[in-house]
Amino acid sequence: MKNIVIQGLGFVGSALAVAIASRLDNLNEPFFNVTGVELPSETGLNITYCINSGQFPFKCNDKKLSFELEKAVARGNLKATNETSAYSKAEIVVVSINCDMENKNGQLRITMDRFIDSVKQIAEKINEDTLLVIESTVPPGTCNKIIFPIFKEVFNRRKLDLRNFYLAHSYERVMPGENYLDSIINYWRVYSGINDKSADKCEGFLRQFINTADYPLTRLSSTIASE
């Protein structure tokens, strides 16, 4: 099984973790070992506790989502933690956190401080040959102008080869309600990478938990187009 880390266990991140952990092969063996990482805040600790107890951490009327979470936790291929050391064991890291909005002098603006801090945490921990998939809704240019420069600086300092870092973007779209889980698995996706190899790796990952037979993937020419 590949080790997948989901960074951010809000409603979407938690549901995404379940969707990925629920995918089984023809022998009913899971494709992925999924770990969700949350902040060690009161809210984060509660989310972690709920998931590790087999309970969806938010009010939810999708019975299938709750059922698949319970099964994945019992199966042993889904857990949650507040420890950033989980990134060092990941083959794929998926970022699923919000870019916050703030009202400053009557004008709404995006604040990316938490998002950037989280990306820096990942850069400090991951190893070469890891794929980073950004699923958050971010301003166009974020992958090229913010995320990649962070990894360039950190990888140089850690004496890691930046050519062995893979970055892709595939925005998350979900349908709230009783079919929440199905809306992740059974829905069209676009994706892109900062280079062909990044895009290829992202495609291979998405194909293993999304119903691409009925909902084909669409590769875009750049991460800016996807964002």
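Reader: Before we start, what does "buried" mean here, and which residues of helix 1 are buried?
Author: Buried means under 20% relative accessible area. This is a predicted model, and in it helix 1, residues 11-21, is mostly covered, with 9 of its 11 residues buried. Those buried residues are G13, S14, A15, L16, A17, V18, A19, I20 and A21.

Reader: Which helix gives the most to the largest nonpolar core?
Author: That core has 39 residues, and those with the most contacts inside it include I20 and V34. V34 touches A17, I20 and A21, among others. With 7 residues, the one giving the most to this core is helix 1.

Reader: How far apart are the closest N and O atoms in the salt bridge of E153 with R157?
Author: Both residues sit in helix 5 (residues 142-158), and because they are 4 residues apart, about one helical turn separates them. An α-helix has 3.6 residues a turn, so residues three or four places apart point the same way. E153 is partly exposed at 45% relative accessible area, and R157 counts as partly exposed too, at 45%. Their closest N and O atoms are 3.4 Å apart.

Reader: Which residues are linked with E203 in a network of salt bridges?
Author: E203 pairs with R207, and the two lie 4 residues apart in helix 7 (residues 196-207). E203 also meets R219 in a salt bridge, at 3.0 Å from N to O. That second pair links distant parts of the chain, since R219 is in strand 10 and E203 in helix 7, 16 residues apart. Linked with E203 in the network are D200, R207 and R219.

Notes:
Residues numbered from 1 in each chain as written. Predicted model: local features only at pLDDT ≥ 70, side-chain atom pairs only at ≥ 80, totals over all residues. Heavy atoms only, no water. Buried < 20%, exposed > 50% of the residue type's maximum accessible area, 1.4 Å probe, protein only. Core = buried A, V, L, I, M, F, W, Y, C linked by side-chain atoms within 4.5 Å. Contact = heavy atoms within 4.5 Å. Salt bridge = Lys/Arg side-chain N within 4 Å of Asp/Glu carboxyl O.
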